[in-house]
Every structure is written in structure tokens, then in C-alpha cells.
Amino acid sequence: MTSAPQRPDGPTPAPRLIATDLDGTLLRDDKSVSLRTVAALAAAEEAGIEVFFVTGRPARWMDVVSDHVHGHGLAICANGAAVVDLHAGREFVQVRALPRAAALAVVDALRAAAPGTSFAVELTTGINYEPEYPPFFKDAGANIATAEKLLHEDPDGSAAPVLKLLAHHAELAPDEFLTLARSAAGQYASITRSSPTSLLEISGQGVSKASTLALCCAERGISPAEVVAFGDMPNDVEMLSWAGTSYAMGNAHPDVIAAASGRTTANNEDGVAVVIEHILAERVAHRQERPQDQKQAQKQEQQQA
């Protein structure tokens, strides 16, 4: 898609908050933020519209956008498991952990339903993984052991909170693996995916981008109708369904297209910036029309008197 975004039908309230995914959405495929997008984000904040980055990324991978968050400085990471302050060195403001007992129940269920599954454990302190798990990004500080050992609960409860359990399968197709996992282990945790590979992301029951964004908005007195959201993968579906106005990227997964109320151009074509520019242009046009509307109303009143 290269044309203007396909807008939702009917009138929409003036947005007070923009919530955007990062990979495949705000970021280009080379993981950069374009100059056009940087300018659009800054213009939105200047116009009084808060911007929240809402991502599956852990806090330690947020440097790519740390310079582009304004005002509040907050970002929602790990699919809603953490709210971090990017202005304070990625400090954790809120953690919605996955209980270790629930994570172990998921491991047991997936080992039985999908033999060959390997696991990694994302903690507030970093990532650990099983020997068979493909380390997509090398982490020198990672511990390598079975998931059962990595998820062992310390007697004193001092172990770092679990943000996500990651499950990888080398043979199953991504959507097939997701459907199977939800059927086998969905009663223990929230299961989704954002990778083009068969890599599942497992959070605490009820924890999602949508539920954590809803909490952040409630604290600010912002309703879902005043939120514009952007996304491209299944882990964005709930957020796009929750927001009053939502856009699937031109490169989005079919489930995302079905959930969103509108569509925009692909991430490599600055689809988020395209919509923000339209929103701000409409705001300016509305302000310019208002004095003329007032004059017309006064004229009509005088004619009727």
C-alpha cells in the first residue's frame, strides 16, 4: 500500500494518545526510525497527544527509540509485562509477572503437545535459555539449563520476576504452533507471537499489550475512544481491538487486518507517520474552520431575529 490510509467509518473523537508497536510497525525492516517518523512523533507530542511505544521487546532492547519518547518517558515492554521509564535508564515502573508455577505448567503441556519445543525465560534481569533453544541474540550473561531448572522457585522467593516464557519449535508452522499451544496451555497463561518464525511469547494470564495500555490510560483519564493504535502481528490484535481507532500496517498479519478499524501503509513506507500527519492536518483544518463556522452561525441568528 502506498496511498493514504484507509480510515475507519464514521466520526472519531480527537485522539489523546497514540499507541504503537515497534518491530514491523514503527521501525523499518532495518530496525531504524525514519526521519519522517521522528518528526511525526515529535509533532504529535507537541500537539498534546501522548505517544506510547507498546512492544514485545524487553526493556534492554529499547535504545532504538529511547531518544524519541517525549513527555512521560514511559514504554510498555514484553507484551505488557512491564512498564519502563526510558528517561530513567529503562527503570521498571510496573511489572506484571508470569508466576513460575504457571510457566512450569505451560512447559509441561507443550512438551507433551509439541515434542521438540525448546524454551527461554525472560526475566527482569535478562534472558536464560535451554541448550536447544536458538539464541537469536547472543547474551553473554545468559544461564543455560532446562526450563524446569531455570524456573525453579527459590525458597526465599528472591528470584527475579519472569516477564515472558519463550517457546520455539523448529518444524511447526508459526500459526499452527500458536493454535496448538493455546489449546494445550491457554488455561495457564496468555500465549501469542510476533516473530515470523515459530516462536511463541507467553505471559501471565490476562497480561497483554491491551490490558497494560488500558491501565496506563485509566491513570490518565483517557478512554479507549481517545486512543489510536498501530500494529502488524498477532500480539497486537487485542490492543487494536481495544483502541477506539486502530490501523493495521500494509505488511500486517491477516488476523491484525481483521481486528483493526483501518489500514495504513507498510512499516517501510512510514505508515505510522502517514496517519499521524493526517491527524495533525485535520486538527489544524478544524481550528481554521471554527472561526468561519462561528461567523456563519452569528449571521444565521441575525437573519432569524
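Start by selecting Asp63 in this predicted model, where the residue has a relative accessibility of 49% and therefore counts as partly exposed. Add Arg90 to the selection, and a salt bridge appears between the two side chains, with the closest N and O atoms 2.8 Å apart. Asp63 belongs to helix α3 (residues 63–66), whereas Arg90 sits in the loop between β4 and β5 (91–95), so that the pair links distant parts of the chain, 27 residues apart. Arg90 is likewise partly exposed, its relative accessible area being 29%.

Next, select Glu148 and Arg111, which form a salt bridge whose closest N and O atoms are 3.0 Å apart. Here helix α5 (residues 147–150), which carries Glu148, is linked to helix α4 (residues 100–113), which carries Arg111, and the two residues are 37 residues apart. Glu148 is partly exposed at 31% relative accessible area, and Arg111 is partly exposed at 30%.

Move on to Glu201 and Lys164, whose side chains meet in a salt bridge at 3.0 Å, N to O. Because Glu201 lies in strand β10 (residues 199–203) and Lys164 in strand β8 (residues 162–168), the pair ties together parts that are 37 residues apart in sequence. Are these two side chains buried or exposed? Glu201 is buried, with a relative accessible area of 4%, and Lys164, at 6% relative accessibility, also counts as buried, since the cut-off for that label is under 20%.

To see charged residues joined in a network, select Asp21, Lys209 and Asp236, which are linked by salt bridges. The structure as a whole holds 15 salt bridges.

Now turn to the nonpolar interior. The largest nonpolar core has 34 residues, and those with the most contacts inside it are Ile18, Phe53, Met62, Val65, Phe230 and Ile276. Colouring by secondary structure is useful at this point, as at least two residues of this core come from each of α1 (22–26), α2 (35–46), β2 (50–54), β3 (74–77), β4 (82–85), β11 (227–231) and α10 (271–304). Helix α10 gives the most to this core, with six residues.

Centre the view on Ile276 and display its surroundings: apart from its neighbours within four places in sequence, Ile276 is in contact with Ile18, Ala40, Leu41 and Ala44. Finally, select Val107, Leu150, Leu172 and Ala185, which are among the members of a second, separate core of 28 residues. In soluble globular proteins, nonpolar side chains tend to be buried together.

Methods: Residues numbered from 1 in each chain as written. Predicted model: local features only at pLDDT ≥ 70, side-chain atom pairs only at ≥ 80, totals over all residues. Heavy atoms only, no water. Core = buried A, V, L, I, M, F, W, Y, C linked by side-chain atoms within 4.5 Å. Buried < 20%, exposed > 50% of the residue type's maximum accessible area, 1.4 Å probe, protein only. Helix = DSSP H or I, 4+ residues; strand = E, 2+ residues; numbered from the N terminus. Contact = heavy atoms within 4.5 Å. Salt bridge = Lys/Arg side-chain N within 4 Å of Asp/Glu carboxyl O.
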